[in-house]
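This report walks through a structure made of chains, helices, strands and inner spaces, taking each topic in turn. Please keep the sequence and the 3D view at hand while reading.

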Amino acid sequence: MKKTLCILVSMFCITMQGCSHNNILLQSYDIKKMAVISGIGIEQTQSGMYNVYMQVYVPKEQDNMDINIMYASGRSIAEAVKNISLKYNKQPYLSHNKILILSEDIAKMGIKRHLDYIGRDIEMRESVPVAVCKGNVKNFIAAENEETAKYSGKKANDIIDVSNFNSGVYSVSVLDIYKNFSDDSADLILPYLIREKNDEVEIEGYAVFRGEKMIDSASLNEMQGVFWIKNKIAGNVEVIGNPNNINENISVKIKNSHCTAVPEIINGSLKKVDINIKTEFNVVESGCIDPLDNNQVRQIEEKFNKKIKKRILFVADKYMKNKDTDIFGFKKFDKNADLKNLKLNINIRSNLSGSGLLKNNVE
Amino acid sequence: MINNKISSIQLFIILFICRIISFAINMPQNKYPIYSGNIWLSVVIKSILSFIVIMPYVIIFSKQKYIDNIQKNNALNFILFIYLMLKLIITSVQFSNLAGDTVLPRMSILFIIIPICIFTLYASIKGIETIARMAQFLIPFMIFGVLIIIILSYINADYSTLPDDAMKFTFKESFFGACYMLSNNYEAAVFLLLLPYLKDNKKIGIKYLKFNIVSCIFDISVIGAMFVTFGKYIVNVSYPFFSIARNIKITKFFERLESIYLALWILGTFVVIALMYYLLKNTLKVKSNKIYIFLSGVLIALTLYFTFSKSIFAAFSQSLFVFSISIIIIFAAPFLSMIQIHERRNNKK
């Protein structure tokens, strides 16, 4: 028995040695032949071919990182990825990918089938954020001549990541999209990226979807109304007019917010939705009022409530009623709801809870 | 006379490892009604049913001599042998499928299956005490690992996207779901075959009840973790528990917990497969290890066959034959044993 065990262990030692792709049992790869991917961009040409662009980390001396671009075409995303390894003689390692960027054309055609590869592949992660870029991915991610273009994927991810803290940008992962399609809960909105003239990457707003297809793009401010309903607004800064002076503004930061939607269903069809929002906010910048004066506090709260209501109604009119998009997710109450004629009753209870470290304005 | 004895704690540790492996780790490959609210009620009904089907064994066990009568029942032994063989093949194939699809996609399946079979066979030859001690040693790590994954998945989850029908259920569907879950569970067979090895037979029924309550809570928390992570998308996911571990991301540094999952899964499956081999050996009642090893070789060959032909395995594992054998062992065997013993007592009188 001991002899057999010794032989077995020896066999293991011989066959399980390190990284050799010639090994019969272990088809592993040499680290030098792997390309660690930091961002992926996908677009589809008019002939139906997929162009896949990958930003690759290139380790340099003294902990510095450079990023290179690899791209290839194929009849499917998987084939394009395979072609990348043939073209560059490197195996793409997708596990460290930070962002997935889809071209506007793909978003308009429908994103469902294009995400299938991401869900199936073992190296891809479903927690990767997804964004749509204006125009072609090639212009956005792979402008190789320009130094800043190389870092577009990484920068886009950084912007989404950092903005999550102050609720500037609503990040959507691949898993969120899958869940959204499975639940039919609400129509999607994805961050919408642009490249400015100075070549800097910016988030212009959101790509608005109906079903799996992008129908429009909206600015960051326009979409704030949606985040009040989705309870994703905490941390955001809102600027409201001074109740006593039209020319002055007050900045408030939303501390927390909770929204509940109560449907009114008559004869099996959704007629009205009561939106009840409870929120708490702080004054973070006040040029000309005393935020601890009770009358002024009431006035600020009223002004704030009006602003929120206006934001929600703006989104409801533009996207829910005019474009028949279930942007708030009200179809979960009634799948055949007539969104164009749906009445919204918005009740907001806000509470100004503090004024930061200053109790009075600096005179 | 059996020299190899285990304590009741060790028995329940083995049963709990079986539960972790069959319910959490291998759940994806079993078609539970997980996408609806029925799952919650199914889990509770399953726990009640499993207690009911175990009770006859507990009653018989309270009179030690009758347990030996069950063991000597050739018909029951034959069905148990078939059942264990099927379960052993299914567990081994699930193990290799999971390995091939997830953590070791580039490695040859042979390289996974053959070593695990060899080592589990060796453990099973050493006896139940060895397996039980190994289980006792592993259980703290397994519980810690499972709890880490479950708790972090709750922290990581987005509760605003929970499906609306997560709490809607119908009794009929829940009941059938519970029966289906129970048919995938091998606790009853393990419990029956390990009872004669128990050192202490006091209050085994109460102990099983406590174990059942803890297991029920465990099952519900696993289902909850899957619900909050995936919602209705769970029906599309091949390995939900693995995907939960993959998707955990607390801040930017606490992520990629597949390694914990991997440790749980390899260690747990090792105990379960070793136990299956051991129980198979017992039902076979051969003293020579040669016949046993030959049979194990046949089983390994079958496992490899099913591993390479997944569609045939899917049809086989969900076939009426496998389901019927499971139902006979889980539902019919305890009560038939009771009737048999009752008749023997009447004949003696």
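## The largest cavity

A cavity is a set of grid points where a 1.4 Å probe fits but cannot get out, and its lining residues are those with an atom within 4 Å of such a point. With that term in place, and remembering that the model discussed here is a predicted one, we can ask how many cavities of 30 Å³ or more a search of the whole structure finds. The search finds two, and the largest cavity has a volume of about 60 Å³.

The lining of this largest cavity is formed by Ser50(B), Val53(B), Ile54(B), Leu182(B), Asn185(B), Glu187(B), Ala188(B), Tyr208(B) and Ile330(B). Two elements of chain B, α2 (38-62) and α8 (187-194), give two or more residues each to this lining, and α2(B) gives the most, with three residues.

## Two bent helices of chain B

Helix α2(B), which contributes to the cavity lining, has 25 residues, and the distance from its first C-alpha to its last is 36 Å, close to the 36 Å expected at 1.5 Å a residue. It nevertheless has a kink of about 30° at Ile54(B), shortly before the proline Pro56(B). Ile54(B) is also one of the residues that line the largest cavity.

Helix α6 of chain B, which covers residues 128-156, can be checked in the same manner: its 29 residues should span 42 Å at 1.5 Å a residue, and its end C-alpha atoms are 40 Å apart, which agrees. This helix bends by about 40° at Leu138(B), and there too a proline, Pro140(B), follows within four residues.

## The two chains in outline

Chain A has nine helices and 13 strands, whereas the secondary structure of chain B comes to 14 helices and two strands. Buried residues make up 47% of the 363 residues in chain A, while 57% of the 349 residues of chain B count as buried.

The contacts within each chain can be sorted by how far apart the partners lie in sequence. In chain A, among contacts between residues at least 6 apart, 63% join residues at least 24 apart. In chain B, residues 24 or more positions apart account for 85% of the contacts with a separation of 6 or more.

## The nonpolar core

In soluble globular proteins, nonpolar side chains tend to be buried together. Which residues touch the most other members of the largest nonpolar core, which has 212 residues? They are Leu100(A), Ile111(A), Met223(A), Ile275(A), Phe328(A), Phe191(B) and Leu194(B). The largest share of this core, 14 residues, comes from helix α11 (residues 258-284) of chain B.

Leu100(A) can serve as an example of such a core member. Leaving aside neighbours within four places in sequence, Leu100(A) is in contact with Ile40(A), Ile42(A), Leu115(A), Ile118(A), Val128(A), Pro129(A), Val130(A), Ala131(A) and Val174(A).

## Two residues with a positive phi

Most residues other than glycine have a negative phi. Asn89(A) is not a glycine, yet it has a positive phi of about 60°; this residue lies in the loop between α2 (77-88) and β4 (91-93) of chain A. Is Asn89(A) buried or exposed? Its relative accessible area is 58%, and because exposed means over 50%, Asn89(A) is exposed.

Asp324(A), also not a glycine, has a positive phi of about 55°, and its place is in the loop between α9 (294-321) and β13 (343-354) of chain A. With a relative accessible area of 32%, Asp324(A) is partly exposed.

## Two strand residues of chain A

His258(A) sits in strand β11 (residues 249-266) of chain A and counts as partly exposed at 49% relative accessibility. Not counting close sequence neighbours, within four places, His258(A) is in contact with Asn231(A), Asn276(A), Ile277(A) and Lys278(A). Gly268(A) is ten residues from His258(A) along the chain, and their C-alpha atoms are separated by 27 Å.

Lys271(A) belongs to strand β12 (residues 269-286) and is partly exposed, at 42% relative accessibility. Lys271(A) and Asp334(A) are 63 residues apart in sequence, and 9.6 Å apart in space from C-alpha to C-alpha. Beyond residues up to four places away, Lys271(A) touches Glu264(A), Ile266(A), Asn341(A), Leu342(A) and Lys343(A).

Methods:
Residues are numbered from 1 along each chain as its sequence is written. Chains are lettered from A and ligands numbered from 1 in the order in which they are written. This is a predicted model: local features need pLDDT of at least 70, side-chain atom pairs count only at pLDDT 80 or more; totals for chains, interfaces and linings use all residues. Side-chain values use heavy atoms; hydrogens and water are left out. A nonpolar core is a set of buried Ala, Val, Leu, Ile, Met, Phe, Trp, Tyr and Cys residues joined through side-chain atoms within 4.5 Å. Buried means under 20% relative accessible area, exposed over 50%, partly exposed in between (1.4 Å probe, protein chains only). Contact means heavy atoms within 4.5 Å. The expected span of a helix is 1.5 Å times one less than its number of residues. The bend at a residue is the angle between axes fitted to the seven residues ending there and the seven starting there. On a 1 Å grid over the protein atoms alone, a cavity is a set of points where a 1.4 Å probe fits but cannot get out, and a pocket is an open set with protein on both sides within 12 Å along at least five of seven lines; lining residues have an atom within 4 Å of a point. Grid points are joined across faces, edges and corners, and a volume is the space filled by probe spheres set on the points.
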